[in-house]
2 protein chains.
Amino acid sequence: MATKTFRQPVVTVDAVLLTIEEDILKVLLHRRQQDPFAGRWALPGGFVHPDEDRDLPQTVSRILRDKAGLAGVYLEQLRTYAGPDRDPRGWSVSIAYLALVPRDALPEELDERTSLHPVSGLPDLPFDHGRQIADAAARLRGKGAYSSLPAAFLPESFTLPMLQRTYEIVLGEALDQSSFRRKIADLGFLEETGEKSKAASARPARLYRLTEPVRIFNRSLGGNQA
Amino acid sequence: MATKTFRQPVVTVDAVLLTIEEDILKVLLHRRQQDPFAGRWALPGGFVHPDEDRDLPQTVSRILRDKAGLAGVYLEQLRTYAGPDRDPRGWSVSIAYLALVPRDALPEELDERTSLHPVSGLPDLPFDHGRQIADAAARLRGKGAYSSLPAAFLPESFTLPMLQRTYEIVLGEALDQSSFRRKIADLGFLEETGEKSKAASARPARLYRLTEPVRIFNRSLGGNQA
DNA sequence: AAAATAGTGTCTGTTAGACATTATGGC
DNA sequence: GCCATAATGTCTAACAGACACTATTTT
């Protein structure tokens with residue numbers, strides 16, 4: 001297929017789906033079935049279907065469902081990438097979405113077209129997908145310090161040690177246990193379920209759940225990249 | 001012109017250009033020359049011209065130049081608005097940009113097609129422009145507390161009282177003079193020009209300029225909407 | 001010298017980080 | 001009772017906010 005210039009740019013969406021597996025931040029990649037870049041690993045993405053999609057989150061959900069068998073994820077618009085060079089077919093616009101899921105919201109075994117790849121140490125990716133992932137990780141780090149966003153990586157109920165480990169992975173630094181719990185308690189976006197963790201452990205931890213989807217704080221939980 | 005559904009969405013950009021005039025945050029509106037909504041006040045916007053524009057910031061610059069006679073502004077992507085209902089012509093995508101300028105970067109007298117309107121108390125605007133402006137103001141407020149962004153409203157050299165007033169307008173609250181200056185000094189993104197303000201005043205203030213375009217802080221300069 | 005605005009100093013309560021200590025459940 | 005992990009308490013240094021004070025220029 002030859003390079004072609006469109007009178008109006010082509011519009012696609014891309015999904016940067018992040019999850020934590022074995023305490024490592026990973027991104028979902030999908031092997032491209034079609035040109036350009038057929039056979040290469042890339043972000044899942046696709047065209048908007050005006051007849052089918054009510055809005056962009058729905059476009060993204062449809063694509064993630066088709067390519068990764070996935071429901072109910074945290075979804076937020078990341079940013080829009082555009083220009084004449086990012087796609088060999090010509091001037092294009094891609095609206096990127098950031099998706100966060102607990103590992104077990106994905107199929108236990110991914111098919112061969114799909115894989116989770118550590119965010120640090122990615123291979124060269126087609127289009128501007130490398131940059132998109134870098135931007136997504138930066139957004140997660142920045143917003144993670146000031147919100148309950150990292151909890152999107154956890155199942156519905158979780159323990160404080162799990163939550164703290166998740167924040168530490170997101171922020172890339174160790175957090176003090178005492179300070180962490182004080183702030184969590186002050187912010188008050190958790191409630192006890194009354195249950196305790198069933199994981200085999202010396203002392204089972206209490207289980208909590210969120211009282212609201214995402215909370216933005218005014219104080220930081222660490223990660224002030226001084 | 002009848003309603004029509006496109007096989008691919010139409011792509012436009014919109015510019016939310018903010019400035020401060022008489023200590024009030026204002027947005028630049030432009031009277032629409034064409035349908036839909038001809039004659040109504042709306043954000044300046046337009047189509048991407050793939051043959052002419054290297055990227056979206058250039059599209060926005062072109063539009064601002066044509067509609068508001070403007071050069072060299074702070075530009076940052078705001079977010080993308082899309083869906084079947086926002087434009088009566090059908091499924092559309094608009095990438096909105098936030099532009100910040102000092103008042104005197106605009107023509108002293110604006111033509112009749114163009115006006116600066118206070119951000120609070122806007123009339124009903126077509127498309128989703130009301131929401132775009134609200135989002136832009138929210139972004140400015142949020143980022144303003146943690147960056148030198150408000151300085152984009154000031155000329156190249158300015159005094160500390162001017163800077164503080166600008167932050168107060170952006171954040172919507174009074175700031176303590178002493179704390180403000182302490183933090184500014186600690187952050188160190190200003191340098192003295194050696195000059196003093198020429199404005200008629202009891203005691204002329206020292207003039208400063210930025211040492212870098214925009215700085216993101218890890219501490220806040222106020223505006224923690226507790 | 002009085003007025004007005006610019007700029008500095010001091011005090012105090014709050015908060016984050018470091019680290020020590022206590023509690024609880026499995027074996 | 002011992003071990004491992006969970007949970008809480010205490011001390012200290014840094015910092016923001018409030019407010020008083022000093023400095024400099026115009027009239």
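Buried means under 20% relative accessible area, exposed means over 50%, and partly exposed lies in between, using a 1.4 Å probe and protein chains only. By that rule A:Arg181 counts as partly exposed, because its relative accessibility is 34%. The model is predicted, so local features need pLDDT of at least 70 and side-chain atom pairs count only at pLDDT 80 or more, while totals for chains, interfaces and linings use all residues. Residues are numbered from 1 along each chain as its sequence is written, chains are lettered from A in the order in which they are written, and side-chain values use heavy atoms, with hydrogens and water left out.

**Fold of chain A**
- Chain A has four helices and 10 strands, where helices (H or I, at least four residues) and strands (E, at least two) are DSSP runs numbered from the N terminus.
- Along the sequence, the order of elements is β-β-β-β-α-β-β-β-α-β-α-α-β-β.

**Overall dimensions and surface**
- The radius of gyration of chain A is 19 Å, which agrees with the value near 17 Å for a compact globule of 226 residues; the radius is taken over C-alpha atoms, and the globule rule is 2.2 Å times the number of residues to the power 0.38.
- Along the principal axes, the C-alpha atoms of chain A fill a box of roughly 65 × 40 × 35 Å.
- Of the 226 residues in chain A, 47% count as buried.
- Among contacts (heavy atoms within 4.5 Å) in chain A between residues at least 6 apart in sequence, 64% join residues at least 24 apart.

**How the two copies relate**
- A turn of 180 degrees and a shift of 0.0 Å along the axis lay chain B on chain A with an RMSD of 0.0 Å, with copies superposed by least squares on the C-alpha atoms of residues with pLDDT of at least 70 in both.
- This is the relation of a two-fold axis.
- The copies meet through the same surface, because 100% of the interface residues of chain B are also interface residues in chain A.

**Two residues to look up**
- A:Arg181 sits in helix H4 (residues 177–187) of chain A, and leaving aside residues up to four places away in sequence, A:Arg181 touches A:Leu160 and A:Pro161.
- The C-alpha atoms of A:Arg181 and A:Asp87 are 47 Å apart, with their positions 94 residues apart along the chain.
- B:Gly194 belongs to strand E9 (residues 190–196) of chain B and counts as exposed at 64% relative accessibility.
- From B:Gly194 to B:Arg206, 12 residues apart along the chain, the C-alpha separation is 7.2 Å.
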